[in-house]
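I am opening a fresh page for a structure that I have not looked at before. I will go from the whole chain to single residues and write down what I look up.

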Amino acid sequence: MAATSRQRQKAATRAAILHTAAEEFDANGYSATSVAHIADRLGLTKGSVYFHFPSKAELAAEVVRSGSSAWEPIVRAIDDDGLTGLDALERLSAEAARRFRDDVALRAAARLTAQGAAEGLPDPFASWIGVVRRCLDRAVGAGEVRTDIDVDSLAWHLVATFLGMQELARRLPDPGDLVDRLERLWPSLLDGLRPR
């Protein structure tokens with residue numbers, strides 16, 4: 001059944017609110033972002049924003065959910081391409097860096113997630129660590145990584161490293177290209193992981 005013009009308009013308004021909210025959360029964080037300012041930027045009333053999202057917390061949670069869901073097709077594409085182990089991990093991290101650089105919704109989701117526990121926002125870190133751990137398990141099985149590596153600890157540290165790089169890129173006045181920095185990081189990381 002085709003959507004009515006009213007349904008399409010509601011969906012377009014909701015998407016515009018989410019995008020503008022992502023820009024505001026990315027630039028200002030959760031506390032300094034105002035629903036009134038989001039509404040003003042879109043030429044809406046606060047009531048219109050609250051029609052779609054009952055609270056600022058729910059709006060922030062939806063930004064995080066939509067940012068987190070962006071990873072599912074990336075992981076599927078890596079699986080569909082048959083990449084495993086370190087190849088999959090390198091491609092996943094490169095795609096993550098590109099997305100963080102180019103996609104305000106993902107940057108907002110990362111910033112909100114860093115502030116999330118205090119605000120009751122969803123926490124995608126466990127799933128990110130799980131994906132990295134799966135890649136590392138495959139790398140160990142394929143002999144790409146030393147068998148004495150603690151994959152649980154390494155997965156945690158890799159996710160922390162990537163998120164730390166993204167945060168520095170946000171804060172430094174001239175951080176350089178995140179994708180380039182990540183490509184320069186991998187060789188030194190891999191040297192320590194490969195079988196001796």
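The entries below follow the order in which I looked things up.

**Entry 1, the model as a whole.** I note at the start that this is a predicted model, so I looked up the confidence before anything else, given that predicted coordinates should not be read in detail where pLDDT is low. The protein averages a pLDDT of 85, and 94% of the residues score at least 70. Among the elements, I found the lowest mean pLDDT, 75, in helix 7 (residues 104–119), while the highest, 97, belongs to helix 2 (residues 35–42).

**Entry 2, the make-up of the chain.** I looked up the secondary structure and found ten helices and zero strands. The C-alpha trace spans about 65 × 45 × 30 Å along its principal axes. Of the 196 residues, 40% count as buried. I also looked up how far along the chain the contacts reach: of those with a separation of 6 or more, 68% are between residues 24 or more positions apart.

**Entry 3, a pair of helices.** How do helix 6 and helix 10 lie to each other, roughly parallel or roughly antiparallel? I read that the axes of helix 6 (residues 85–102) and helix 10 (residues 178–193) come within 9 Å and cross at roughly 155°. Angles over 145 degrees count as roughly antiparallel, and I therefore write the two helices down as roughly antiparallel to each other. Their crossing is right-handed. On the side of helix 6 I listed the residues that meet helix 10, among them Leu86, Leu89, Ser93, Ala97 and Arg101, and on the side of helix 10 the residues are Leu178, Val179, Leu182, Trp186 and Leu190. Sorted by class, this contact has ten nonpolar, one polar and three charged residues.

**Entry 4, Glu62.** I then turned to a single residue, Glu62, which lies in helix 4 (residues 56–69). Is Glu62 buried or exposed? Its relative accessible area is 17%, and because buried means under 20%, I record Glu62 as buried. Leaving aside residues up to four places away in sequence, I find that Glu62 touches Arg14, Leu18 and Phe53.

**Entry 5, Ala11.** My last look was at Ala11, whose place is in helix 1 (residues 5–28). At 46% relative accessibility, Ala11 counts as partly exposed. I also looked up a distance here, and the C-alpha atoms of Ala11 and His52 are separated by 9.5 Å, although the two residues are 41 residues apart along the chain.

Terms used: Residues numbered from 1 in each chain as written. Predicted model: local features only at pLDDT ≥ 70, side-chain atom pairs only at ≥ 80, totals over all residues. Heavy atoms only, no water. Buried < 20%, exposed > 50% of the residue type's maximum accessible area, 1.4 Å probe, protein only. Contact = heavy atoms within 4.5 Å. Axes fitted to C-alpha atoms, helices over the stretch in contact; angles between N-to-C directions. Parallel < 35°, antiparallel > 145°, perpendicular 65-115°, else oblique. Left-handed = near helix turned anticlockwise from the far one by under 90°. Nonpolar A, V, L, I, M, F, W, Y, C, P; charged D, E, K, R; others polar. pLDDT = per-residue confidence, 0-100.
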